[in-house]
There are 2 protein chains.
Amino acid sequence: MPALTFAQDVERWGIFEASFQGPATGNPFVDVKFGAKFRFKNRVLDAEGFYDGGGTYKVRLMPDETGEWSYSTYSNVPALNNKTGVVTVRPAAAGNHGPVGVKYTTHFAYADGTPYVPVGTTSYAWTHQGDALEEQTLRTLKTSPFNKMRMCVFPKHYSFNNNEPVYYPFPRDAKGVNDFTQFNPAFFAHLEKRVKELGALGIEADLILFHPYDNWGYSKMPAEVDDRYLHYIVARLAAYRNVWWSMANEYDFMKNKTMADWDRYFRIVQESDPSQHLRGIHNGTVLYDHLKPWVTHVSLQSSDLDKALEYVQKYRKPVVYDECKYEGNIHQRWGNLSAQEMVRRFWLAAVQGAYAGHAETYLDPHDVLWWSKGGVLKGDRPKRIAFLRKLMEEGPAEGLDSQSTYYLGAGQPGKYYLFYFDLNQPADHTFDLAKGSKYKAEWIDPWEMTITPVPGIFEGKFDMKLPAKPYMAVRFRKAE
Amino acid sequence: MPALTFAQDVERWGIFEASFQGPATGNPFVDVKFGAKFRFKNRVLDAEGFYDGGGTYKVRLMPDETGEWSYSTYSNVPALNNKTGVVTVRPAAAGNHGPVGVKYTTHFAYADGTPYVPVGTTSYAWTHQGDALEEQTLRTLKTSPFNKMRMCVFPKHYSFNNNEPVYYPFPRDAKGVNDFTQFNPAFFAHLEKRVKELGALGIEADLILFHPYDNWGYSKMPAEVDDRYLHYIVARLAAYRNVWWSMANEYDFMKNKTMADWDRYFRIVQESDPSQHLRGIHNGTVLYDHLKPWVTHVSLQSSDLDKALEYVQKYRKPVVYDECKYEGNIHQRWGNLSAQEMVRRFWLAAVQGAYAGHAETYLDPHDVLWWSKGGVLKGDRPKRIAFLRKLMEEGPAEGLDSQSTYYLGAGQPGKYYLFYFDLNQPADHTFDLAKGSKYKAEWIDPWEMTITPVPGIFEGKFDMKLPAKPYMAVRFRKAE
């Protein structure tokens, strides 16, 4: 009988974990093969296990069906082999909607069908800053509109971010030489704790698996170490329902890696993850081929919001401008956009059926910039993003799809339209909405966050007076 | 001896005109060939004459050198043939700088060397509105910053502009059938009067010779009529030093004309004009090949200000975004930009070594929109454009050439730099100015029109604090 550290009773999309004692000598990370087959009716999921140090081996699964599951371990070590158990999966608790996946081709939804409108932020190295700052970051997130966090697994070395991490992913000697044949379980346990805390706040952890801003050797490890690392992190974290896998930040800036490497990483993650979390890859200047089948959504670094609809139509996958430059005032051109422009970019993405992402880079006397280290938000943009998020979430479950390109507008015909007039300030416009529905109209000021009902009921093709101010929006919703 | 209506004494770049009586019967516009050879030392200029009605034939020249000129007419009519005269050309009066030409490859200057920074506006049909409105337009221009007016020779038929003109360029019968074998001298005399009045205000008349928005047949005349019209208008107006020739507004929207037609028009104008005024052509969606040798400068309809430097580098001619959409609030997307965005476009052009153009399309109860009919300016942008014009005119005579593309900046190394930070709001920037000069610096707010000196003297590569606000500029000028 297996020794279980978690109850054998678990909620749907919760974490089932089975823990076993095995060899603590030699190099368990390399020497020991261990995992479990989970069965639900005739379906089998293969979850790789991982060594957590101290002779402890764990295997986890996020069960995605209610009812009776069983499992059976496999290992090259007899003590870990052929351990079996039964798990009762009860319905998900309130607020647990399951993992996010792709729905309606170019949008997202939780596994229970609840639409998910990604409103992400970025704090690359927030888990490497020590508890005081990390907990402040979590407090900030608690009252923010953000429901996704882009974050690096590995520590980061870059402008405004030259501090050593608290934990290292691999054991190091006094000279800083890595032992890439092992992992440091404390590092991963810490990361896991933060992922779990994000989950409790309803925030997806968009985990960046590789990145170029490295001072420790993690960007140029041997291929077998890269691969072992991917297996290890998937084994540890795939049971967390709020995990997304991002192969890289700026993959094309990692000069030691080839396109074949990136393809292989995708396939390792795809094959190892029993829960099939979302998979993306973020570019520097050259887009990865997002048409490749293992890419679930388009994660872009781009300020060219004019192309959002083109990307949506080309890839037929959700398009997320994860990095369309940052609000702030730093030296670097990518980090000193005005709040107004960032809000504008969120709107431009939304009304083309895509999504934008946030980060902040305001100078700080202690070099604590949100984009890298977390802490507090200094700009006033989040409330405008919260306002847009609410408008989008009030939209149809099918998401906002492009409906107009003369002025940009998205929605679902007959149900919901959101137009954004950007630089233009017409005093009127002729709308041409899907026939068969009658609509209520509202003028929306994205910056002032006002919603002004327009008297009357509208249908078909009609001319409507507009505020004749720039950066205004109009929403139509089906009148009952 | 010739009968002269003007004195034989004329200032440099003034108008010399010789007038003769000849046949008033038959069709003088077609039957009579008439012109004059003007000689200055060994140089000969050929000026075509024109029939002004009532048996009067005129030939004009803008003499461009001081001293003794002589002329001798030629004609197929004995009464107009071989008339000779002598003209004394005195120095230009104060304020007469001569015609504008290309200087320093991608910039403009008057013939006397005074730099000309084009700050143009557009009022396509202003000369077709009757004296009351036309005189109001002139009063408006008098206090505006504009020194160039884009205007159509032919009347215009389009949204907000459906009124008949006061004058028609060709005789018409009661049914509106044109007699394309003749011209209406009153039409051209009126146009000429307005060109002269613009000249008195220091405003270049950028005369649009053809355009597609036609209700009278002028956009689809037979080729020989087009050609005769070009000869006629050049003969009448080339002596006005403030004339520019624009072959068309939106040439590519004129479906009856071929590229060979446009090339021919250019060559006719080029060959007929003894003063070689500037020649351009304005596009709809497809650029004319501005590399063709008869094109003196690039006249663009485009909102893609990001390409300004590319155009400057490609064509090696002055680049003028004559139409980068209009400030206003009308229905049409090209006519409802905010004032802020228009000011931004002027700046974006300037700091890439190019120029932008203005027009206004604010709704009016009487449909008097500046862009088409003139009248009064309703926006508040002109004062910001005046502010930029002053900054540019305080710059080096050689004009502003691109000096930086990370943040956009233009100027002349060692003398003058104007940087514009657009959407970006850095709190500081590392400038790298030409060594060997010391510079004074100023923060410039293009919207508030403030200039704030920055304490200190700067040279070489240095970091400087910036306002950390969007849409700010910085100017450096050589410290004495």
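## A pair of strands in chain B

Let's start small: in this predicted model, A36(B) sits opposite A47(B), a residue of strand 4 of chain B. The two strands involved are strand 3 (residues 34-40) and strand 4 (residues 43-51) of chain B, and they run antiparallel, joined by 6 bridges. As a bit of background, strands in a sheet pair through backbone hydrogen bonds, in either a parallel or an antiparallel way.

## The whole sheet

Now zoom out. Strands 3 and 4 belong to an open sheet of 7 strands in chain B, where the order is 1-7-6-3-4-5-2 and the pairing is mixed. Which strands stand at the edges? They are strand 1 (9-11) and strand 2 (16-21) of chain B; each has a single partner strand, so one side of each has no neighbour in the sheet. Going from one strand to the next, the twist averages 30°.

## Helix 7

Next up is helix 7 of chain B, which covers residues 339-350. From first C-alpha to last, this 12-residue helix reaches 17 Å, close to the 16 Å expected at 1.5 Å a residue.

Is helix 7 mostly covered or mostly open? Mostly covered: 10 of its 12 residues are buried. Among them are M342(B), F346(B), W347(B) and L348(B), but also E341(B), R344(B) and R345(B).

## Where chain B touches chain A

How many residues does each chain bring to the contact? Chain B gives 21 residues and chain A gives 21 residues. On the chain B side, the elements that supply two or more residues are helix 7 and strand 24 (428-432). That side of chain B divides into 10 nonpolar, 8 polar and 3 charged residues.

Technical notes. Residues are numbered from 1 along each chain as its sequence is written. Chains are lettered from A and ligands numbered from 1 in the order in which they are written. This is a predicted model: local features need pLDDT of at least 70, side-chain atom pairs count only at pLDDT 80 or more; totals for chains, interfaces and linings use all residues. Helices (H or I, at least four residues) and strands (E, at least two) are DSSP runs, numbered from the N terminus. The expected span of a helix is 1.5 Å times one less than its number of residues. A residue is buried if 20 or more other C-beta atoms lie within 10 Å of its own, exposed if 12 or fewer, and partly exposed in between; C-beta atoms are placed from the backbone. Two residues are in contact if their C-beta atoms, placed from the backbone, lie within 7 Å. Ala, Val, Leu, Ile, Met, Phe, Trp, Tyr, Cys and Pro count as nonpolar, Asp, Glu, Lys and Arg as charged, and the others, Gly among them, as polar. Two strands pair if DSSP finds at least two bridges between them. Axes are lines fitted to C-alpha atoms, for helices over the stretch in contact, and angles run from 0 to 180 degrees between N-to-C directions.
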